[in-house]
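Here's a quick briefing to read with the model open beside you. Have a look at the fold, then go through the notes below.

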Amino acid sequence: MVCALRFNGLNGVVQWTLDLDIPGQSAEKIYDRLYAYMEELTHGENQLTGSQIALVNKKENSFITSVREWHVFKQNVISIDRVATSYKLIANCKNNHLDLTLTRIFFDYSENVPGNGGIYKAEEWI
C-alpha cells in the first residue's frame, strides 16, 4: 500500500490531500467503505449540527462530507477549552486508489470566548 500526505499552502489555501493506493480494490468498493465510515464520523459524539455527507456523485464514485465538530484542548471539572471546527472532506475514489482532500477549515471561538471570540479561517491561523 502506497500513501502520500501532502500539504498545499499555495495561493494561501490550507489543505491536505491523502493519495492512497489500495491495490485490488474497485472504485465502488473503496467508495462504499469510505462512505460508511463518513456516515459514522458525521454522527459521532463530538459532531455538531450540520455534520453530514453533503454532496454525492455515485456515478463518479465521489462525495463531499461537511464536518462540524468540537475539538477539545483541555477539560476539567470546572472548565473546558474547546473550539467548534468545520471543514470539508472531498473523496474521489478510483480503481485501486483514493484521493481524499481536507479543505475549507474554519475555527469558531464565539461560544467559549464571549466578546473576544470569532470565526477564523485556517489561512489566518496556520
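Let's start with R104: at 52% relative accessibility it counts as exposed, because the cut-off for that label is over 50%. R104 sits in strand β6, and its phi is near 50 degrees, a positive value in a residue other than glycine. Keep in mind that this is a predicted model. The notes below go from the whole chain to one helix, then to the core and a handful of residues.

**The chain as a whole**
- There are two helices and seven strands in the chain.
- Reading from the N terminus, the order of elements is β-β-α-β-β-β-β-β-α.
- The chain has 126 residues, and 36% of them are buried.
- Take the contacts between residues at least 6 apart in sequence: 42% of these join residues at least 24 apart.
- About 8,100 Å² of the chain is exposed, with carbon and sulfur atoms supplying 53% of that area.

**Helix α1**
- Helix α1 covers residues 27–41, which is 15 residues. From first C-alpha to last it reaches 21 Å, close to the 21 Å expected at 1.5 Å a residue.
- Which residues of α1 are buried? They are A27, I30, Y31, L34 and M38.
- Looking down the axis of α1, those buried residues fall within an arc of 95 degrees, so they line one face of the helix.
- As background, an α-helix has 3.6 residues a turn, so residues three or four places apart point the same way.
- R33 and E40 are exposed on the other side of α1.
- The cover over the buried residues of α1 includes β3 (52–57), β4 (62–75), β5 (80–94) and β6 (97–108).
- E40, a residue of helix α1, counts as exposed with 61% relative accessibility. Its C-alpha is 9.8 Å from that of Q52, which is twelve residues away in sequence.

**The nonpolar core**
- The largest nonpolar core is made of 21 residues. Inside it, L34, M38, F63, L98 and L100 have the most contacts.
- Each of α1, β4, β5 and β6 supplies at least two residues of this core.
- Which element gives the most? That would be β5, with five residues.
- The general background here is that nonpolar side chains tend to be buried together in soluble globular proteins.
- L98 is worth a click: setting aside residues up to four places away in sequence, L98 touches L18, D19, L20, I22, I30, L34, N92 and C93.

**Two buried residues with polar contacts**
- D99 is in strand β6, and at 16% relative accessibility D99 counts as buried, because the limit is under 20%.
- The D99 side chain makes a polar contact with the side chain of H97, at 2.9 Å.
- Beyond its neighbours within four places in sequence, D99 is in contact with L18, D19, I90, A91, N92 and K94. L98 also touches L18, D19 and N92, among others.
- T85 belongs to strand β5. T85 is buried, with a relative accessible area of 3%.
- What does the side chain of T85 make a polar contact with? The partner is the side chain of H71, at 2.9 Å.
- Not counting residues up to four places away in sequence, T85 touches V67, R68, E69, H71, I105, F106 and F107.

**F107, in the same strand as D99**
- F107 is found in strand β6, as is D99.
- With a relative accessible area of 16%, F107 is buried.
- F107 touches V83, A84, T85, G118, I119, Y120 and A122, again leaving out residues up to four places away in sequence.
- The C-alpha atoms of F107 and K121 are separated by 6.4 Å, with their positions 14 residues apart along the chain counted as the separation.

**Backbone at N96**
- Where is N96 found? N96 is in the loop between β5 and β6.
- N96 is not a glycine, although its phi is positive, at about 70 degrees.
- N96 is partly exposed, with a relative accessible area of 34%.
- R104, from the top of this briefing, is the other case to look at: a positive phi near 50 degrees in a residue other than glycine, this time in strand β6.

Terms used. Residues numbered from 1 in each chain as written. Predicted model: local features only at pLDDT ≥ 70, side-chain atom pairs only at ≥ 80, totals over all residues. Heavy atoms only, no water. Helix = DSSP H or I, 4+ residues; strand = E, 2+ residues; numbered from the N terminus. Expected span 1.5 Å × (residues − 1). Buried < 20%, exposed > 50% of the residue type's maximum accessible area, 1.4 Å probe, protein only. Arc of directions from axis to C-beta. Contact = heavy atoms within 4.5 Å. Core = buried A, V, L, I, M, F, W, Y, C linked by side-chain atoms within 4.5 Å. Polar contact = N/O pair within 3.5 Å; in protein donor to acceptor, adjacent residues only side chain to side chain. Areas by Shrake-Rupley, 256 points an atom, 1.4 Å probe, with all protein chains shown as cover.
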